[in-house]
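Here is a short, friendly walk through one model. Please keep the sequence and the coordinates open as you read.

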Amino acid sequence: MNKRIGFIGCGQMGQAMIQGMIDAGLVEASDIAATALSDETIDFVTDEYGINISNENKRVARESDLLFLAIKPYVYQGVVQEIKDEVSEGTVVITIAAGITLDAMKEAFGRNVKVIRSMPNTPSLVGAGMSVLCPNDFVTKEELAEVMEVYESFGEAEVVEEKLMDAVPAVSGSSPAFVYMLIEAMADMAVQQGLPREKAYKMVSQSVQGAAQMVKETGRHPGELKDAVCTPGGTTIAGVTKLEEAGFRNAIMQGMKACTDQSKALSKGN
Ligand SMILES: NC(=O)C1=CN([C@@H]2O[C@H](COP(=O)(O)OP(=O)(O)OC[C@H]3O[C@@H](n4cnc5c(N)ncnc54)[C@H](O)[C@@H]3O)[C@@H](O)[C@H]2O)C=CC1
Ligand SMILES: O=C(O)[C@@H]1CCC=N1
């Protein structure tokens, strides 16, 4: 890709995206510039990814065409104050935090800047990310296509209207955590029943991945796929009955709602 890519902040999510785009062959590691606060992170990222990393936010902001702000939501204001005069008119700034709205970015910069609000997730690290994007009015179609190319290098990407962005963390950014909880709980019980832990993780994670692939590739309704697993009087329907008694689906729905409510609250606070 013929664009200078910069990351302000290079923690869990920044590293996942960087590894994903390098593995996909989109860019060379040496073409990516990033910043972090601690020398420990700078040393680790240098050794692990071979990108150019420093603590020079202003320089990276000045020298990037696509500038990812991979920092925690509560440091956005301070970082934007620091870098805003370095960001040129042609640079596209990409946010990755829940609740940082396009308006909040315009206000923080104090001028019209090209901004794309996005919500990626950590499976980007292994090329299986799900990212959702929303550009402001100053981003051209070509620029959006370039940024989509970046996101699609490490997974799938969709564009939605900004009013839907608060519903997005529940299905992209945060949802892997919920699935890890499911995998952990399933494996714990398998271990309790005598299966070795490593085998339990392998069996459960492969089954979860396979089920997700079935939904994606067959296009069949998840309920229909579930029914196809349930033998009358068999093991699956016994498990389904117990899960429903324990409020399984309702618990998931409430978790998704809480995630969305929190994103809305964060959006209002900015
Ligand atoms: N971890 C995840 O699964 C996801 C995170 N996000 C969002 O990504 C953003 C980053 O999250 P994580 O990577 O998890 O956090 P993290 O704490 O792992 O990384 C944050 C990075 O920012 C750096 N940093 C902090 N202050 C800085 C400053 N003033 N200048 C330059 N660098 C600075 C830190 O050194 C660190 O490298 C957050 O806004 C989060 O909401 C979005 C989707 C998923
Ligand atoms: O928990 C959070 O707020 C961030 C956004 C999505 C995943 N992590």
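Where does UniProt place the feature "binding site" (unreviewed entry)? The record puts it at Ile-8, Gly-9, Cys-10, Gly-11, Gln-12, Met-13, Ala-70, Ile-71, Lys-72 and Pro-73. Although these positions are spread over 66 residues of sequence, they cluster in space, with a largest C-alpha distance of 14.0 Å. The same type of UniProt annotation, "binding site" (unreviewed entry), also covers Asn-57. UniProt positions follow the numbering used here, feature names are shortened, and annotations may be inferred rather than shown by experiment.

A word on conventions: this is a predicted model, in which local features need pLDDT of at least 70, side-chain atom pairs count only at pLDDT 80 or more, and totals for chains, interfaces and linings use all residues. Residues are numbered from 1 along each chain as its sequence is written, while chains are lettered from A and ligands numbered from 1 in the order in which they are written.

Now to three of the annotated residues. Helices (H or I, at least four residues) and strands (E, at least two) are DSSP runs, numbered from the N terminus. A residue is buried if 20 or more other C-beta atoms lie within 10 Å of its own, exposed if 12 or fewer, and partly exposed in between, with C-beta atoms placed from the backbone.

| Residue | Place | C-beta neighbours inside 10 Å |
|---|---|---|
| Gly-9 | loop between E1 (5-8) and H1 | 24, buried |
| Cys-10 | loop between E1 and H1 | 26, buried |
| Asn-57 | helix H3 (residues 57-62) | 20, buried |

Contacts here mean C-beta atoms, placed from the backbone, within 7 Å. Leaving aside neighbours within four places in sequence, Gly-9 is in contact with Gly-14, Thr-35, Ala-36, Leu-69, Ala-70 and Ile-71. With the same exclusion, the contacts of Cys-10 include Ala-34, Thr-41, Val-45, Ile-53 and Ala-70. Those of Asn-57 are Ile-8, Thr-35, Val-79, Glu-82 and Ile-83, again beyond four places in sequence.

Next comes the nonpolar core, a set of buried Ala, Val, Leu, Ile, Met, Phe, Trp, Tyr and Cys residues joined through C-beta atoms within 7 Å. The largest one holds 54 residues, of which Ile-8, Ala-34, Leu-67, Leu-69, Ala-70, Val-93 and Ile-94 touch the most other members. Helix H1 (residues 12-23) gives the most to this core, with six residues. Not counting residues up to four places away in sequence, Leu-69 touches Ile-8, Gly-9, Tyr-76, Val-79, Val-93, Ile-94, Thr-95 and Ile-96.

Finally, why does helix H10 (residues 235-245) lie largely in the open? Of its 11 residues, the number buried is zero. H10 is followed by Gly-247, whose phi is positive, near 75 degrees.

Key: Contact = placed C-beta atoms within 7 Å.
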